[in-house]
Amino acid sequence: MIFTLAVTGGIGTGKTLVRNYFSELGVVIIDADDISRSLTTNNNDIIKAIKDYFGEEILLSPGVINRKKLRSCIFQNKKHRLWLEQLLHPLIRENIYKIQLKAQGYYCVLEIPLLHHRNISEYKIDMICEVKASKELQLNRIMIRDNISEYNAKKIIASQEFKNKITPDYIIENLTNYDSVISQVTNIHREVLQLTKK
């Protein structure tokens, strides 16, 4: 199976920027959020289970999940979040594994929002790269991107904080300097290539 570098980090830290540059370098990208989005958009059994659990009000129209409302529900209620994770995560892992089996190249990047001691063993990951940003930058990015209040943005960030976080192999500091992020990604890419070419 292909060597896998997980790119992880909290919401608004800039994982997508990092992921996109790895892609420009020719690395195969697996996006856990894209898989989750596909499941809640195209899998009728998943859509029905979510509707039955949250009620008709979770739908934008028949068969279409209101993802913004769903996200708000799970960030405000831990019980709801755990239920949705139990529904989606086994299928997300299954899809990730299938892509890893078919992926070509020296290594691939798995972009996954949160890795911690409770779930890392469930994935086939060889190294971890964590993307970090200041709380202030995170707040501003989330508020602007998702058009939400500072209060709700803070609740989302707080919901993603774990006591037993995984120690990453690499850390990318994503502040305001685009060139610095690109330089850090380039260096990591070079090192991982050296490891996987042996």
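Two strands are taken to pair if DSSP finds at least two bridges between them, and helices (H or I, at least four residues) and strands (E, at least two) are DSSP runs, numbered from the N terminus. The structure is a predicted model, in which local features need pLDDT of at least 70 and side-chain atom pairs count only at pLDDT 80 or more, whereas totals for chains, interfaces and linings use all residues. Residues are numbered from 1 along each chain as its sequence is written, and side-chain values use heavy atoms, with hydrogens and water left out.

By these criteria, S6 and S7 pair in the parallel sense over four bridges, and within this pairing valine 131 stands opposite isoleucine 172 in S7. Strand S1 (residues 3-8) is likewise joined to S6 by four bridges and runs parallel to it, with isoleucine 128 of S6 as the bridge partner of alanine 6. These pairings belong to an open sheet of five strands in the order S2-S5-S1-S6-S7, in which the pairing is parallel. Because strand S2 (28-31) and strand S7 (170-173) stand at the edges and each has a single partner strand, one side of each is left without a neighbour in the sheet. From one strand to the next the twist averages 25°, where axes are lines fitted to C-alpha atoms, for helices over the stretch in contact, and angles run from 0 to 180 degrees between N-to-C directions. Strand S6 (residues 127-132) is mostly covered, five of its six residues being buried; here buried means under 20% relative accessible area and exposed over 50%, with partly exposed in between (1.4 Å probe, protein chains only).

At the S2 edge, the pairing of S2 with strand S5 (residues 107-111) is parallel and extends over four bridges, and glutamate 111 in S5 is the bridge partner of aspartate 31. Both of these residues are in contact with arginine 19, as is Ile29, when the neighbours of arginine 19 within four places in sequence are left aside; contact means heavy atoms within 4.5 Å. Arginine 19 is found in helix H1 (residues 15-24) and, at 14% relative accessibility, counts as buried.

Helix H2 (residues 32-42) lies across S2 and S5 and runs at about 50° to S2. The buried residues of H2 are Ala32, Ile35, Ser36, Leu39 and Thr40, and they cover an arc of only 130° around the axis, which puts them on the same side of H2; the arc is that of the directions from the helix axis to the C-beta atoms. These buried residues pack against S2, H3, strand S4 (64-65), H4, H5 and S5. A comparable description applies to H4, whose buried residues are Leu70, Ile74 and Phe75. Seen down the axis of H4, these residues fall within an arc of 125°, so they line one face of the helix, and what covers them includes H3, S4, H5 and H7.

The largest nonpolar core has 28 residues, of which Ile50, Leu70 and Ile96 touch the most other members; a nonpolar core is a set of buried Ala, Val, Leu, Ile, Met, Phe, Trp, Tyr and Cys residues joined through side-chain atoms within 4.5 Å. At least two residues of this core are supplied by each of H2, helix H3 (44-54), H4, helix H5 (78-102) and S5. Apart from its neighbours within four places in sequence, isoleucine 96 is in contact with Ile30, Ala32, Ile35, Leu110 and Tyr123. A second, separate core of 19 residues includes Val7, Val27, Ile172 and Ile182.Helix H6 (residues 135-146) has twelve residues, which at 1.5 Å a residue should span 16 Å, in agreement with the 16 Å between its end C-alpha atoms; the expected span is 1.5 Å times one less than the number of residues. In H6, Leu137, Gln138, Leu139, Ile142 and Asp146 are buried, and their cover includes helix H4 (67-76) and helix H7 (150-159). Asparagine 147, in the loop between H6 and H7, has a positive phi of about 55° although it is not a glycine, and at 64% relative accessibility it counts as exposed. Lysine 197, in the segment after helix H8 (178-196), is also exposed, with a relative accessible area of 51%.
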